[in-house]
Amino acid sequence: MVRRTGTVLAVVAAGLVFGAAPAAAHGGAAVTIHSDGRGSVWITAQWQDGHPINEPTPVTLTATPAGGSAAPVGPATLRQTGDERGTQTYTGTLDPGSWRVSIDLGAPVDGHCQALVPVAADAASPAPVEVACLVPATATSAPAAAAPGGGSLTPLWITAGVLAAAGAGFLVYRRLYRRRRGVEDPPRPGR
């Protein structure tokens, strides 16, 4: 019985250590800058494993005119929609012309993406744009899937301590219970 209890405790501890998904399991990110060609700009962001980035991620847009005399835009914070594509939108619109759009993503992604975005004048045909960027996994990508402890091992050690105390308590209780009933523990080999 002691061997079985020890085995169960070892399996539970191994599950806690190795079974939890590592924080950087998503890998890097795939970020796409989109424009409808009429001045609307938005991004879609997914982890490289295909899951949308719906964690609170600060995203900033800066747009500078590639030509012409328009004033730069931003930095402006994008609004997260929480959809299945990880969409974040710019609430304003860019004026007609050609724009260099830069997107800076904060933690947990910590990345940068740029695109040349043409915006058609009222009478012209719009040219929609989609520019994809790959953002490699970084050390700050790790907290993306981390537990509320921020990647600390404290919850693991607390759980292991509770399991060890429960196992020891069970063994003491079992021994005391068997002695009260007059049942001897089976002899151990080699003693």
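Let us start with a pair of neighbours: strand 1 (residues 29-35) and strand 2 are joined by seven bridges and run antiparallel. Strands here (E, at least two residues), like helices (H or I, at least four), are DSSP runs, numbered from the N terminus, and two strands pair if DSSP finds at least two bridges between them. The model is predicted, so local features need pLDDT of at least 70 and side-chain atom pairs count only at pLDDT 80 or more, while totals for chains, interfaces and linings use all residues. Residues are numbered from 1 along each chain as its sequence is written, and side-chain values use heavy atoms, with hydrogens and water left out.

Back to our pair of strands. Alanine 30 has glutamine 46 of strand 2 as its bridge partner. Five residues lie between the strands of this hairpin, and glycine 37 takes a positive phi near 85 degrees there. Strand 2 (residues 41-47) has five of its seven residues buried, so the rest of the structure largely encloses it. Buried means under 20% relative accessible area, exposed means over 50%, and partly exposed is in between (1.4 Å probe, protein chains only).

Strand 2 has another partner to meet. Strand 6 (residues 87-89) pairs with strand 2 in the antiparallel sense over three bridges, and threonine 44 has threonine 87 of strand 6 as its bridge partner. Threonine 87 is a good place to pause. With 9% relative accessibility, threonine 87 counts as buried. The side chain of threonine 87 is joined to that of aspartate 83 by a polar contact of 2.8 Å. Such a contact is a pair of N or O atoms within 3.5 Å; within protein, one must be able to donate a hydrogen and the other to accept it, and residues adjacent in sequence count only if both atoms are side-chain atoms. Leaving out residues up to four places away in sequence, threonine 87 touches Trp42, Ile43, Thr44, Arg79, Gln80, Thr81 and Gly82, where contact means heavy atoms within 4.5 Å.

A little before strand 6 comes glutamate 84, in the loop between strand 5 (79-80) and strand 6. Glutamate 84 is exposed, with 62% relative accessible area. Its C-alpha atom is separated by 8.1 Å from that of histidine 51, although the two residues are 33 residues apart along the chain. Not counting residues up to four places away in sequence, glutamate 84 touches Gln46 and Pro52.

Now let us look inside. In soluble globular proteins, nonpolar side chains tend to be buried together. The largest nonpolar core here has 27 residues, of which Leu61, Leu94, Val101 and Ile103 touch the most other members. Strand 1, strand 2, strand 3 (59-65), strand 4 (73-77), strand 7 (97-105), strand 8 (111-119) and strand 9 (129-135) each supply at least two residues of this core. A nonpolar core is a set of buried Ala, Val, Leu, Ile, Met, Phe, Trp, Tyr and Cys residues joined through side-chain atoms within 4.5 Å. Leucine 61 has contacts, beyond four places away in sequence, that include Val41, Val73, Pro75, Tyr90, Val101 and Ile103.

One of those contacts, proline 75, lies in strand 4 and is joined to glycine 74 by a cis peptide bond, with omega about 10 degrees. Another cis peptide bond joins alanine 107 and proline 108, with omega about 15 degrees. Proline 108 has its place in the loop between strand 7 and strand 8, where aspartate 110 is also found. The phi of aspartate 110 is near 50 degrees, a positive value in a residue other than glycine. Most residues other than glycine have a negative phi, and most peptide bonds are trans. Aspartate 110 is partly exposed, with a relative accessible area of 32%.

Which cysteines form a disulfide? Cysteine 113 and cysteine 133 do, with their sulfur atoms 2.0 Å apart; a disulfide is a pair of cysteine sulfur atoms within 2.5 Å. Cysteine 113 lies in strand 8 and cysteine 133 in strand 9, so the pair ties together parts that are 20 residues apart in sequence. The link is right-handed, with 70 degrees about the S-S bond. Cysteine 113 is buried at 1% relative accessible area, and cysteine 133 counts as buried at 14%.

Our tour ends at helix 2 (residues 154-180), whose 27 residues should span 39 Å at 1.5 Å a residue, which agrees with the 39 Å between its end C-alpha atoms. The expected span is 1.5 Å times one less than the number of residues in the helix. In helix 2, Leu156, Gly167 and Arg174 are buried.
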